Amino acid sequence: MSGQIPEETIDEIKKANDIVDVIGEYVSLKKQGKNFFGLCPFHGESTPSFSVTQDKQIFHCFGCGKGGNVLTFVMEIEGFSFYQALQQLAGKSGHALPENSEQQSDQGNNQEDQASLKAYEWLAKLYHHLLRHTKEGKQGYRYLQERGFTDEVIDTFQLGYSPQSREVIVQFLEKKGFHPQQMVKAGVLTANDENQVSDRFRGRVTFPIRNHLGKSIGFGGRTITEQEPKYLNSPESSLFQKGKLLYNFDLARSAIRKQGQAVLFEGYMDVIAAHQAGILNGVATLGTSITEQQARLLKRYVELVTICYDGDRAGIEASYKAAKLLRHIGCNVKIASIPNGLDPDSFIKMYGAERFQQEVLDGSNTYMTFLMEYMKKDFNLNLEGDRIQYIEKVIDEIATINRPMEQEHYAKEIAKQFSLSLDTILDEIQQRRKKLGIKDNRKATSHTKSTEIYKRKNKLLPAFHNAEKQLIAYMLYDSSIAEKVKEELGASFTVDSHKIIVTHLYAYYEEGYAPDISHFIEKIIDQSTKNHIVEIAMEPTNSDISDKEINDYIRIIRAEQEDKVTIRGLKEEQKKAEIQQDFVKAAHIGMEIMEIQKKLKNASH
């Protein structure tokens, strides 16, 4: 798995990247007891069942069953190979990987993508230099200054300018070793019908678009003359897929986590203007409506998203669509209202940062308040029939809210607005919830939920199965217990998956390794076995377990095996008695088998 990378280096990198810190960049975690809990990023859920254990450096989801260590998590969440995940963690902790190990990187790091990444990196630097320090870039620099952008924010976002000349950018890339036709194929450059190669962003101010790891993977270009279109993006490629990206996500991520919310804008200019005004948790889609992938990316990090689109009719329609999608994937949504049809950038310029924060963002409407106002456009509320239809439509929406307090709040608004009885509205809400099959969602704490899952799972399992799980849990943390079990039982566990785990564990300890769950699962190739080990490792254990308790587990496992051997022997005897037509003996043996089976059944509860 690790090839030419020394195992000591891998261990150092893992130890330098605490699993709670790394997962905390993707999942909002809250401490409950010894563990941290959050919503699983690998499957949709409304109640946290995703657990991270800091002392064991492992994670496990009680809902979907995924589990592993910090490397496993990064591989799963990013779709990385082992090497790519290690490379990312090494970058965080300042470790250097051996130069010759890069060949292990798979399709995600293929040669064409690597060439494109390097080209984009060079271009971002060149465009920025041209804007800030050359005569050619003065026009672009002046435009950004007129838009109110300071040198500091221009540098932070590495804004640049591409000159009108056809040759400058092409020649620059050729000197850096990039073949023009390869760059056209990758989408970095463009070619016309006469096969003349040039930069697609000529005469435009450039906005580097980075992935969430902070690497430039494309550009946005804004015309400063009369060119069409006004905004232009890099073409779709294996690196640049605008439906999966959010502008400024790499810079905004820490602020999003810290503030517990993201602000979603429509474009680059709004994000940059907001950043300059002190709103550091802003991101934007890339000229299209928000996609489910972008919404899920936000959901990984944060519960609350405030939509801050333009205040015109088109912006309100776009806000409605975005709000519906974000609500669908489980986000709490607020919608900012910008007066007079302004966009965020214009509002900030006219009224300043403080008013934007207080009046627009802090004054955002809840999803239901926005929706109730938005839906009015389809009805003439002066007409009785339209009023009834509108009320019914609003009640349909309120019925999807799980919190009784919220239901009542909006029910009161409708009752007051249309002079109706509150009880009538609440009755209508409950009837609709019954039709939809929605039950009251009384949330237990995540810690309680995981404990309940443990109990429910274990209650349904036979005594010997629980004994094997508990024994393996202790073996994972104490090599002396593993040695004792090896002498007494070997791999003679009843459950096949348990046999596989203990066989791996014995081999692990024989190689001289100390107990370390995170390191042990690195040796396991099969993902389902890995998940099973982590699930067992999450079992509650007693730090001062006695020899008697260990011996009791061994005794239960042995008794199960002995009873099964006895049943097999009795069944053979019963068969012989039946062949010899000694039906009385066969019946006695049958009674004996039933007694043993009854004992086994009772032991399972």
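Mentor: Rings of Phe, Tyr and Trp count as a pair when their centres lie within 6.5 Å. By that rule, this predicted model has 26 aromatic pairs.

Trainee: What makes Phe59 and Phe73 an edge-to-face pair?

Mentor: Their centres are 5.6 Å apart and their planes are at 80°. Edge-to-face needs over 60 degrees, with centres within 6.5 Å, so the label fits. The pair also links distant parts of the chain: Phe59 is in strand β4 and Phe73 in helix α3, 14 residues apart.

Trainee: How do you know that Phe59 is buried?

Mentor: Its relative accessibility is 1%, and buried means under 20%, so Phe59 qualifies. Phe73 comes in at 0%, so that one is buried too.

Trainee: Why are Tyr320 and Tyr374 called stacked?

Mentor: Here the planes are just 10° apart, with 4.2 Å centre to centre. Stacked means under 30 degrees, so this pair gets that name. Tyr320 belongs to helix α13 and Tyr374 to helix α16, 54 residues apart.

Trainee: Which burial class does Tyr320 get, and why?

Mentor: Partly exposed, because its relative accessibility is 24% and that class runs between 20% and 50%. Tyr374, at 9%, counts as buried.

Trainee: What makes Lys176 a charge over the ring of Trp122?

Mentor: Its charged end sits over that ring, 3.8 Å from the centre, and the distance cut-off is within 6 Å. Lys125 lies over the face of Trp122 as well, at 5.4 Å from the ring centre.

Trainee: Which residues do ring pairs link into a cluster?

Mentor: Tyr26, Phe42, Phe50, Phe59, Phe73, Phe249 and Tyr301.

Terms used. Residues are numbered from 1 along each chain as its sequence is written. This is a predicted model: local features need pLDDT of at least 70, side-chain atom pairs count only at pLDDT 80 or more; totals for chains, interfaces and linings use all residues. Side-chain values use heavy atoms; hydrogens and water are left out. Rings of Phe, Tyr and Trp (its six-membered ring) pair if their centres lie within 6.5 Å; planes under 30 degrees apart count as stacked, over 60 as edge-to-face and the rest as tilted. Helices (H or I, at least four residues) and strands (E, at least two) are DSSP runs, numbered from the N terminus. Buried means under 20% relative accessible area, exposed over 50%, partly exposed in between (1.4 Å probe, protein chains only). A charge sits over a ring if NZ of Lys or CZ of Arg is within 6 Å of the ring centre and within 35 degrees of the ring normal.
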